[in-house]
Amino acid sequence: MTAPLKHSADITVDVALGDRAYDIVIGRGVLDTLGTRVAALRPGARTAIVTDRTVAKHWLEQTERSLAEAGIPTSRVIVEEGEVSKTYAGLEKVSEALIAAKIERNDLVIALGGGVVGDLAGFAAAILRRGVDFVQVPTSLLAQVDSSVGGKTGINSPQGKNLLGAFHQPVLVIADTSVLDTLSPRQFRAGYAEVAKYGVLGDEAFFTWLEANHADIFSGGAAREHAIATSCRAKAAIVSRDERENGERALLNLGHTFGHALEAATGFSDRLFHGEGVSVGMVLAAELSAKLGLISEADATRVERHLASVGLPTHLQDIAGFAQEGLADADTLMALMAQDKKVKRGKLTFILLQAIGRAVVANDVEPALVRDFLQQKLSG
Ligand SMILES: NC(=O)c1ccc[n+]([C@@H]2O[C@H](COP(=O)([O-])OP(=O)(O)OC[C@H]3O[C@@H](n4cnc5c(N)ncnc54)[C@H](O)[C@@H]3O)[C@@H](O)[C@H]2O)c1
Ligand SMILES: O=C(O)C(=O)C[C@@H](O)[C@H](O)[C@H](O)COP(=O)(O)O
Ligand SMILES: [Zn+2]
């Protein structure tokens, strides 16, 4: 796999889900086609754009213009940025605003933003009048490669990540790669963890390509669109085979059993963004795999090195405030992991590695071993 030299023309990835299939349209400038695409998809529909304050500042006007030029009426709901909005309060605010805007069953909700807005607006759409369709317009790298695809929507509980939600597929995804130009470097890096995840879980060649081409992805070269399209194709393929996570979709959760517990332990705060938790969690999953003799220490180190080389946190000690505030003890982390949605009959499920590019679902890992492993990692 070599790095493309030129920005590609727009790429369309099909999410093959029968009568709920939809397109992911990827490319620089595709936001301007939103209006015509929505008009063609749902003639006569009204729309409500849900976004956050930061994204609104940069991209709301252009989004509204595209819809207005296609003759589509819009209203807007603007929430606070960050996980603080993926809450009961955030859901109430968005739901009440959609009801006040008289969004009907045949209208559309448009989620303009990162994964927080996508998950929140998608969940509000899923329950509004028992289900209104929605369009994802992802504006963070993480949302373009992961959260806008596959239909997992929801909010957090203080007890854990995404504990309330619904599977609700979008009807269209518009991923304009030029909107990433306004994303902060730290948020871009956090999203990159989910890109690397696709290589680690199922595509060794892509991981090797990322090791060689990550700089071009970060600087906005043609490798960026290639990485986004490759990630979307990987996710679309898995979701189309296992929409509701009865089997292989759990592989997309690589790094998340640990990562979600770490996000909860840091209060869903700016100490640890979701992608950063996934980065630390993926390294822990690789190290646990090595401890269990599934992969070599060298492979675990290779995963850690790549994530660290782009500036992502890879150890518990890298989490902001670890030295000052600490984190949580191993028992607390085990209790938080017990709320993971992959738990079956009270038993934890881990996504482990048999090789870079070959992840497996494991539900026979001894809790005492995991606790000792975490204890050891916490003491550095
Ligand atoms: N549904 C899924 O399948 C899925 C997959 C992965 C992650 N998630 C969820 O997604 C969330 C994380 O998403 P995220 O990392 O996008 O976080 P986010 O939505 O909080 O966005 C990150 C920050 O970047 C800002 N931002 C977004 N786009 C911007 C742009 N173009 N320019 C400037 N600023 C911009 C936002 O205002 C926010 O402050 C988590 O809650 C996670 O659980 C869901
Ligand atoms: O789409 C999926 O399936 C994923 O697991 C993707 C993850 O990156 C994402 O963070 C997802 O929201 C986690 O799902 P959850 O079921 O563990 O909440
Ligand atoms: Zn994730």
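**Two ligands and a UniProt site**

Start with ligand 1: it has 28 residues around it, and those that come nearest are Asp 52, Glu 83, Thr 139, Ser 140 and Thr 182. Before going on, please keep in mind that this is a predicted model, and every distance I quote is computed from it.

Now the polar contacts of ligand 1. Asp 52 has a polar side-chain atom 2.7 Å from an oxygen atom of the ligand. The side chain of Lys 86 puts an N or O atom 2.9 Å from an oxygen atom of ligand 1. Val 179 takes part through its backbone, with an N or O atom 2.9 Å from a nitrogen atom of ligand 1. As for cover, ligand 1 on its own exposes 860 Å², and the protein buries 92% of that.

Which elements give two or more residues to this shell? They are helix H2 (53-69), helix H4 (115-127), helix H5 (141-147), strand S8 (160-167) and helix H6. H2 gives the most, with four residues. By residue class, the shell around ligand 1 has 12 polar residues, 10 charged and six nonpolar.

Where does ligand 1 sit relative to the domains? Residues of its shell come from both domain 1 (11-181) and domain 2 (185-379), so ligand 1 lies between them.

Next, ligand 2. Here there are 14 residues around the ligand, and Asp 146, Lys 152, Asn 162, Lys 235 and Arg 249 come nearest. Of these, Arg 249 has an N or O atom in its side chain 2.7 Å from an oxygen atom of ligand 2. Asn 253 also makes a side-chain contact, with an N or O atom 2.9 Å from an oxygen atom of the ligand. Lys 341 has a polar side-chain atom 2.8 Å from an oxygen atom of ligand 2. Alone, ligand 2 has 430 Å² of accessible area, and the protein covers 92% of this.

The shell around ligand 2 divides into eight charged residues, five polar and one nonpolar. Two helices, H6 (185-202) and H9 (256-265), each supply at least two of its residues. Both domains contribute again: domain 1 (11-181) and domain 2 (185-379) each provide at least three residues of the shell around ligand 2.

Now the annotation. An unreviewed UniProt entry lists Glu 194, His 256 and His 274 under "binding site". Why say that these three gather at one spot? They span 81 residues in sequence, but no two of their C-alpha atoms are more than 10.4 Å apart, so the three come together in the model. From this set, His 256 is part of the lining of the largest cavity. His 256 lies in helix H9, and H9 is one of the helices that supply at least two residues to the shell around ligand 2.

One more item from the record. UniProt, again in an unreviewed entry, places "domain: 3-dehydroquinate synthase C-terminal" at residues 191-343. In the model that span is 66% helix and 0% strand, and its end C-alpha atoms lie 26 Å apart.

To recap, ligand 1 lies between domain 1 and domain 2, because both give residues to its shell. Ligand 2 likewise draws at least three shell residues from each of these domains. The three listed "binding site" residues gather at one spot.

Note on methods:
Residues numbered from 1 in each chain as written. Chains lettered and ligands numbered in written order. Predicted model: local features only at pLDDT ≥ 70, side-chain atom pairs only at ≥ 80, totals over all residues. Heavy atoms only, no water. Near = heavy atom within 4 Å. Polar contact = N/O pair within 3.5 Å; in protein donor to acceptor, adjacent residues only side chain to side chain. Areas by Shrake-Rupley, 256 points an atom, 1.4 Å probe, with all protein chains shown as cover. Nonpolar A, V, L, I, M, F, W, Y, C, P; charged D, E, K, R; others polar. Domains from an automatic or database assignment. UniProt positions renumbered as here; feature names shortened; annotations may be inferred. 1 Å grid on protein atoms, 1.4 Å probe; cavity = no way out; pocket = protein on both sides within 12 Å on 5 of 7 lines; lining within 4 Å.
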